[in-house]
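Reader: I've got a model in front of me and I'd like to know what the labels on it rest on. Can you take me through them?

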Amino acid sequence: MSWPADYHMHTPLCRHASGRPAEYAARAVAVGLTEIGFSDHSPMRRDDFDNWRMRFDQLDEYVESVRRVQKDSTGLTVRLALEIDYLPGHEDWIRELAVRHPWDYLIGSVHYVSDSWAVDNPEDIAKWKGRDPYEVWAAYFDRLTEAADSGLFDIIGHADLPKKFRICPKEDCGPLFNRFLESAQKKNVAIELNTAGLRKDCQEIYPSRAFLQLAAQRNIPITFGSDAHAPVEVGSGFVEAVALARSVGYNRYCRFFKRRRTESPL
Ligand SMILES: [Zn+2]
Ligand SMILES: [Zn+2]
């Protein structure tokens, strides 16, 4: 079988990934992938917003580094993309980024549930203490729904990220999932199966089977991403991800070129 494209990987410009882009591409070829996309953490309007992304003055360098890999790769399609943080009020900045280069796709991700708390950041894990997990998840899904509603993104990243540290609400989160999925359906935005969760405390793909079943019922298109922060992670967990997608009824996944979506058999 042929593997779906791996549309989520990083470069050292984000300051928490290792390996040159050419090494990610070489690993992709070695594990039998035919298409990948770089989607590094985009800059914020303010470079001092946090310390885990490229600076704005590195954006052109990022694009050039991906272009070089595109040119040097034979038998491997390489797409140019960004993983952009969605925060309310950042829409104009995201629009500025979107027109700056001919991106193949933009992944919209929510990491921040407030201006200073990224739910997946181990350095912020103490912030969960004394908080009702449901409130945190609800705040996260409010933002995720806004990200889908914004129409700014082609793909929504790692949809149930707050489960990373296994701090999960006792309440039924189905209504939170459904409200997001309703927006994703209305705005025709894809979601990704992100295998990084397999490498974290939660030890499962983002999003969960229960979530993905709801997505499949609505025919929400899907992409696949390893969220590789090192070359060895490219394509990791794809056996499990493809099996999960098929088990809830998916037989197609999507690919992007210059922000146009096409579907391929899975
Ligand atoms: Zn990262
Ligand atoms: Zn992310």
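**Two zinc sites and a pocket**

Author: Sure. Along the chain, the donor residues of the zinc ion (ligand 1) are spaced H-x24-H-x187-H. Keep in mind that this is a predicted model.

Reader: What makes H16, H41 and H229 donors of the zinc ion (ligand 1)?

Author: Distance. A donor is an N, O or S atom within 2.8 Å of the metal, and the NE2 atoms of H16, H41 and H229 lie 2.0 to 2.1 Å from the zinc ion (ligand 1), so they count.

Reader: Why say that H41 and H229 tie parts of the chain together?

Author: Because H41 lies in strand β1 (residues 35-41) and H229 in the loop between β8 (222-225) and α7 (238-247), 188 residues apart in sequence. Both H41 and H229 are buried, meaning under 20% relative accessible area.

Reader: And how do you know which residues hold the zinc ion (ligand 2)?

Author: The cut-off is again 2.8 Å. E83 (OE), H111 (NE2) and H158 (NE2) lie 2.1 to 2.3 Å from the zinc ion (ligand 2), so they pass as its protein donors. Their spacing is E-x27-H-x46-H, and 5.6 Å separate this zinc ion (ligand 2) from the zinc ion (ligand 1).

Reader: What makes eight residues of the largest pocket's lining "charged"?

Author: Asp, Glu, Lys and Arg count as charged, and eight lining residues fall in that class, next to seven polar and five nonpolar. Among the residues nearest the pocket's centre are D120, K164 and K200, so by that rule these three are charged. H16 and H229 also lie nearest the centre, but His counts as polar.

Note on methods
Residues numbered from 1 in each chain as written. Chains lettered and ligands numbered in written order. Predicted model: local features only at pLDDT ≥ 70, side-chain atom pairs only at ≥ 80, totals over all residues. Heavy atoms only, no water. 1 Å grid on protein atoms, 1.4 Å probe; cavity = no way out; pocket = protein on both sides within 12 Å on 5 of 7 lines; lining within 4 Å. Donors = N, O, S within 2.8 Å, 3.2 Å for Na, K, Ca; no water. Helix = DSSP H or I, 4+ residues; strand = E, 2+ residues; numbered from the N terminus. Buried < 20%, exposed > 50% of the residue type's maximum accessible area, 1.4 Å probe, protein only.
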